[in-house]
Each structure stands twice: as structure tokens, then as C-alpha cells.
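Grab a viewer and work through these exercises at your own pace. Try each task yourself before reading its solution.

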Amino acid sequence: MTIRSFNPPIRTLMGPGPSDINPRVLQAMGRPTIGHLDPQFIVMMDELKVLLQNAFQTKNELTMPVSAPGSAGMESCFVNLVQPGDEVIIARNGVFGTRMEQNVLRTGGKAIMVDDEWGHPCDPNKIEEALKANPNASVVAFVHAETSTGASSDAKTITQLAHNHDCLTIVDTVTSLGGSELQVDEWNLDAVYSGSQKCLSCTPGLSPVTFSDRAVDRIKNRKHPVQSWFLDLNLVMGYWGAGAKRSYHHTAPVNSLYALHESLVILSEEGLEASWKRHRTNHRALRVGLESMGIQFQVAPDYRLPQLNAVVIPDGVEDAAVRKALLQEYNLEIGGGLGSGAGKVWRIGLMGHASNETNVLTCLGALDAVLGDMGASFERGKAVASAREYYASI
Ligand code: PLP
């Protein structure tokens, strides 16, 4: 058997991530590889830190990309901030809260779960009750933008409550960074991780993180060594930290970092607020189109993420058949439900570069055709017309 070069099809990525990548990012990735200790590369790293600080809206010195996907950013936060025996309150309203629980258990910590219904935000009142009931807790962890359900939570209020009880926060912003408002300094968040492949529209495999001085102090004063050599920030700081000698820790993914740099340059050229606004606009257009077909959103309007639209699959419609037809006939990827949402919801992403008018109209047109062919009852053609009308009205 001869194995030849892999040439993937060109898809439109409107699932929960990865999202469509701006061609500028792919071009940046193809630039010549240089050594990861090359003086020119160090200049690029310094710029990358500044660009990430802007995206996170922080002055935190310890702001950098972990050389691995969002799950590694998550793990960096937990292994560095949680020690054996520590109590961690985890607000769970979807799949990623459970992954946080797994992280805490593997550090030898105790996970105190505060559950909310999927599709709802994390309830600050319940978190406050848990803080009162567990005075030894040292960390509160939650997901700012739950990709499994499309719900956002109030990171500022939750962090304020945590600080009132001497806890630090670990905040998952994998889906929010670049797509909806995130203010690390103004909201006083402590350990924050994200992913490159969603609203930054970069290649998958990097996890931007940022740590407040409070978090850095705690990491520097740990009693137990961090169980993971690779993710031990005390060591990583020698490469990425303030005034660091940029000494060898691991071989940085040089070309992927060019890609992240380019995606952040694109974000800063557009402006953060303009990016958040674009995400809201395209979400609204998609919403009027879907609602005109009788498709309902899973999350209440106040907590809906514009970049992740979780909608209820209409009765009698077969989830897998629709997604297969969209992929095969339209090269269009939308996401199925995760966990308890499997088979019940679709997750339509409008993330980063993929959040644009063409994608909204393509998705509505394709759904109209596929669902229509399957005999679903709705007025054909209305979805695209309603979205067009919305765009014309703004
Ligand atoms: N947290 C959230 C909210 C996510 O959506 C994801 C991925 O979809 C992750 C964590 C894990 O990121 P990765 O798949 O890049 O490891």
C-alpha cells in the first residue's frame, strides 16, 4: 500500500471548535522554522505575551501559551494551584466541570461539586453557600463559557465571592477568549486558561494562560512539588517568565507560535470590542433565521454565548443524518450535543474567523435544504430571508 500526502477537504467549520482559520494564520505557520532560542524568536515571544495580555485584558506578567491544547492549560492551573488535601469548589454546569473534578482528584485534592442544570449559568448563590459550608476551601473553579451547552457564567461575581472567602479562582475561558467579553484584571480572575482553536481561529494545540500575582505567590510557596514536570510553572517561568533567561525547558512549537502571534495580531487589528460585537451580530442573524424555522435555543437569552449556539433538534429529526448530509453535501460541520445533550441539541459555532455573514447564510440555507428534504415542516426559504433582513436592518 502506498501512502500519499494527506489533502483534507475544505470544510466550513461551524461546530464547537476548531473553527475556520484565517488564511493569514496558515500562511504565518508556513514561515521558516528558526531555533526556539534564536534572538529573533525571543522578540516574537515578547510580542506574543503583549498580544495575549491584550486579548485577556490583563497586565499579568505570567501570561503565555502552554505548548499543548486547552486541556493542558486546564491541567496547568490545577496542578500548580492545588496541593494534596486542598479543598476545591467546582461549579459544574456542563461537561468541562467534570473534567475539572478529574483534575482535582488526580492532584490529591478534594472536589466539592456545586451542580447547576445544563444550559443554565453557574449560580453564584449556590457557590456562596458552598463557600460558607466549606471554610477550608482554597480555590473556586468554573467555566466562563460552557462549550457543551452554550451558557455563559458571571465570572466577575463568582470571583468576588471567592475572594471574600480567601479563595482563588480557576477560570476556563477556552470558548470566551476573543469571542465575548473577558476582563481578567477588572474582574480580578486568578488562574485563567484558554485555547487557540476557537475564537482566536488559530491552529489547535496551544493554550494561552494567565496568572495573577496572588496565584503566582501561591505557586511559589507550595509545600509539595508540582506533580507534573512539564506543567510546573516554577520551571516554565525560566523560559516565559519576567526577565527570564529564556533557558531551555522544552522545544517550543515554533511554527504554531507564529500562527498564534498572527491570530492575535488580527484580533488586535480588529479590536477586542469590535470582535465581541461581530460575534453578537452574527449570532443574532443566525438566531432570527433558526427561529423562523421553529428551531429553539437551549439557553435563556441573558446567558447565551454568541459564539456557541446550542439549539434543540426538532422532534422527529434524526441528529446524525442531518449532520452527515451537511458535511457530505455542503462541506459544513456543525456540532452534535455532548454528554446529556447528545442527540438532543446541535451546537452551531460562530467562532472567530468563522463568525461572518457568509457562514450564517450558508448554514441557514443548508439546514433549510436538508431539513426540507427530510420532510420537516417549516416555511422553506424563510430562514435565509429573515437573516438577510436582519443584516440589512443594522
Ligand atoms: N474547556 C472547554 C470549555 C472546552 O470547550 C474545551 C474544548 O473544547 C476544553 C476545555 C479542552 O480544550 P482542548 O480540546 O483544546 O484540550
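**Exercise 1. Helix H13**

What span should the 12 residues of helix H13 (residues 382-393) have, and how far apart are its end C-alpha atoms? Then work out how the helix is oriented.

Solution. Keep in mind that this is a predicted model.

- Step 1: Take the rise of 1.5 Å a residue and the expected span of H13 comes out at 16 Å; the end C-alpha atoms are 16 Å apart, so the two agree.
- Step 2: Look for the buried residues of H13, and you get Ala 383, Val 384, Ser 386, Ala 387, Tyr 390 and Tyr 391.
- Step 3: Those residues cover an arc of only 165 degrees around the axis, so they sit on the same side of H13.
- Step 4: Now flip to the face turned away from that buried side, where you'll find the exposed residues Arg 388, Glu 389, Ala 392 and Ser 393.
- Step 5: As for what covers the buried residues, helix H10 (272-292) and helix H12 (357-373) are included.

**Exercise 2. H5 against H6**

At roughly what angle do the axes of helix H5 (residues 124-133) and helix H6 (residues 155-164) cross? Classify the pair.

Solution.

- Step 1: The two axes come within 10 Å, with a crossing angle of roughly 15 degrees.
- Step 2: Angles under 35 degrees count as roughly parallel, which makes H5 roughly parallel to H6.
- Step 3: For handedness, the crossing of H5 and H6 is right-handed.
- Step 4: On the contact side, H5 brings Pro 124, Ile 127, Glu 128 and Leu 131, and these meet Thr 157, Ile 158, Leu 161 and Ala 162 of H6.

**Exercise 3. Two loop residues**

Is Thr 203 buried or exposed? Ask likewise of Ile 295: buried or exposed?

Solution.

- Step 1: Place Thr 203 in the loop between strand S9 (191-193) and strand S10 (207-211).
- Step 2: The cut-off for buried is under 20% relative accessible area. Thr 203 has 9% relative accessibility, so it counts as buried.
- Step 3: Skip neighbours within four places in sequence, and the contacts of Thr 203 are Ile 21, Leu 26, Met 29, Ser 196, Gln 197 and Ala 259.
- Step 4: Move on to Ile 295, in the loop between H10 and strand S11 (308-312). With 1% relative accessibility, Ile 295 therefore counts as buried.
- Step 5: Not counting residues up to four places away in sequence, Ile 295 touches Leu 290, Val 311, Val 312, Pro 314, Trp 346 and Leu 371.
- Step 6: Finish with a distance check: Ile 295 and Asp 315 are 20 residues apart along the chain, and their C-alpha atoms are separated by 10.0 Å.

Conventions
Residues are numbered from 1 along each chain as its sequence is written. This is a predicted model: local features need pLDDT of at least 70, side-chain atom pairs count only at pLDDT 80 or more; totals for chains, interfaces and linings use all residues. Side-chain values use heavy atoms; hydrogens and water are left out. Helices (H or I, at least four residues) and strands (E, at least two) are DSSP runs, numbered from the N terminus. The expected span of a helix is 1.5 Å times one less than its number of residues. Buried means under 20% relative accessible area, exposed over 50%, partly exposed in between (1.4 Å probe, protein chains only). The arc is that of the directions from the helix axis to the C-beta atoms. Contact means heavy atoms within 4.5 Å. Axes are lines fitted to C-alpha atoms, for helices over the stretch in contact, and angles run from 0 to 180 degrees between N-to-C directions. Angles under 35 degrees count as roughly parallel, over 145 as roughly antiparallel, 65 to 115 as roughly perpendicular and the rest as oblique. A crossing is left-handed if the near helix is turned anticlockwise from the far one by less than a right angle, and right-handed if clockwise.
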